[in-house]
Amino acid sequence: NTILQKGGYRGSSSLSKTNERMYLFTEEYGTITDTLPDKYVMRPLALADYHSGFCDVLSELTIVGDGDEYDFAKRFEEMRKINEIKDTYLIIVIEDTETGIIVGCATLLLELKFIHSNGKVLICYSVFLKRVGRPY
């Protein structure tokens with residue numbers, strides 16, 4: 001069941017309410033969230049974060065490109081389908097709950113290894129947090 005349709009999502013030019021809070025993965029990371037100031041929440045990337053400033057945060061790190069909402073949703077869906085099999089792409093965002101704006105993100109990759117007794121390695125690919133208001 002795909003969320004994509006050329007020209008929008010299921011015939012719409014914007015996100016439908018059904019897909020608004022579709023997350024990239026389902027794991028909870030509450031112990032990390034407890035260390036943030038009260039107005040911030042750390043959570044998995046959501047499909048709706050395209051409209052919440054996620055790409056703006058990424059543009060502080062590198063060139064994002066000229067992709068549109070459809071391109072974002074297409075990549076999100078590709079990563080989500082891989083994560084349905086095995087969590088691999090763990091993109092975490094920090095949201096300012098007062099404004100609904102994404103102020104930080106981290107990309108973590110879970111890599112399976114043959115070494116270390118067929119272990120797993122969590123690789124932190126990139127982290128960025130905008131300075132908003134006061135120091136952390």
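This short presentation walks through the strands, the aromatic residues, the largest pocket and the cysteines of one structure. Please keep in mind throughout that the structure is a predicted model.

Let me begin with the strands. Strand β1 covers residues 40-44, and it pairs with β2 in the antiparallel sense through five bridges. To place one contact on the screen, please find Arg-43, which stands opposite Val-93 in β2. On β2's pairing with β3, the two strands also run antiparallel, and eight bridges join them. Within that pairing, Glu-95 has Ile-102 of β3 as its bridge partner. β2 and β3 form a hairpin, with four residues between the two strands. In the turn of this hairpin sits Gly-100, whose phi is positive, at about 80 degrees. How many of the eight residues of β2 are buried? The count is seven, and the strand is thus described as mostly covered.

Before leaving this region, I would draw your attention to Leu-24. Leu-24 belongs to the segment that precedes α1, the helix at 30-33. Its relative accessible area is 2%, and Leu-24 is therefore classed as buried. Pro-44 is 20 residues away from Leu-24 along the chain, yet their C-alpha atoms are separated by 6.1 Å.

I turn now to the aromatic residues. The model contains three aromatic pairs. One of them joins Phe-54 and Phe-72: the ring centres are 6.1 Å apart and the planes meet at 65 degrees, so this pair is edge-to-face, the cut-off being over 60. Phe-54 comes from helix α2 and Phe-72 from helix α3, so that the pair links distant parts of the chain, 18 residues apart. Phe-72 also pairs with Phe-76, and here the arrangement is stacked, with 6.5 Å from centre to centre and 25 degrees between the planes. Phe-72 and Phe-76 are both in helix α3, four residues apart, which is about one turn of the helix.

Are Phe-54 and Phe-72 buried or exposed? Both are buried. For Phe-72 the relative accessible area is 12%. Phe-76 is buried as well, with a value of 3%. Taken together with Tyr-50, the residues Phe-54, Phe-72 and Phe-76 make up one aromatic cluster.

Phe-54 brings us to the largest pocket. The volume of this pocket is about 590 Å³. It is lined by 24 residues, and those closest to its centre are Phe-54, Leu-58, Val-64, Arg-75 and Met-79. Which elements supply at least two residues each to the lining? They are α2 (54-59), α3 (69-85), β2 (89-96), β3 (101-112) and β4 (120-129). Of the elements, α3 gives the most, with five residues. In character, the lining divides into 15 nonpolar residues, five polar and four charged. The hairpin strands β2 and β3, described a moment ago, are thus among the contributors to this lining.

Next, the cysteines. How many disulfides does a search of the whole structure find? The search finds zero. For Cys-55, the closest cysteine sulfur is that of Cys-105, at 9.7 Å, which is too far for a bond, because a disulfide requires the two sulfur atoms to be within 2.5 Å. Cys-105 is accordingly in no disulfide, Cys-55 being its nearest cysteine by sulfur position. Their surroundings can be set side by side. Cys-55, at 21% relative accessibility, counts as partly exposed, since buried means under 20%. Cys-105, at 5%, counts as buried.

Finally, I would mention two residues with noteworthy backbone angles. Most residues other than glycine have a negative phi. His-116 is a residue other than glycine with a positive phi, near 55 degrees. His-116 lies in helix α4, which spans residues 115-118. Asn-118 is not a glycine either, and has a positive phi of about 55 degrees. Asn-118, too, is found in helix α4. What is the relative accessibility of His-116? The value is 62%, and His-116 counts as exposed. For Asn-118 the value is 55%, and Asn-118 also counts as exposed, because exposed means over 50%.

To close, I would return to Phe-54. Phe-54 is part of the aromatic cluster with Tyr-50, Phe-72 and Phe-76, and Phe-54 is also among the residues closest to the centre of the largest pocket.

Notes: Residues are numbered from 1 along each chain as its sequence is written. This is a predicted model: local features need pLDDT of at least 70, side-chain atom pairs count only at pLDDT 80 or more; totals for chains, interfaces and linings use all residues. Side-chain values use heavy atoms; hydrogens and water are left out. Buried means under 20% relative accessible area, exposed over 50%, partly exposed in between (1.4 Å probe, protein chains only). On a 1 Å grid over the protein atoms alone, a cavity is a set of points where a 1.4 Å probe fits but cannot get out, and a pocket is an open set with protein on both sides within 12 Å along at least five of seven lines; lining residues have an atom within 4 Å of a point. Grid points are joined across faces, edges and corners, and a volume is the space filled by probe spheres set on the points. Ala, Val, Leu, Ile, Met, Phe, Trp, Tyr, Cys and Pro count as nonpolar, Asp, Glu, Lys and Arg as charged, and the others, Gly among them, as polar. Two strands pair if DSSP finds at least two bridges between them. Rings of Phe, Tyr and Trp (its six-membered ring) pair if their centres lie within 6.5 Å; planes under 30 degrees apart count as stacked, over 60 as edge-to-face and the rest as tilted.
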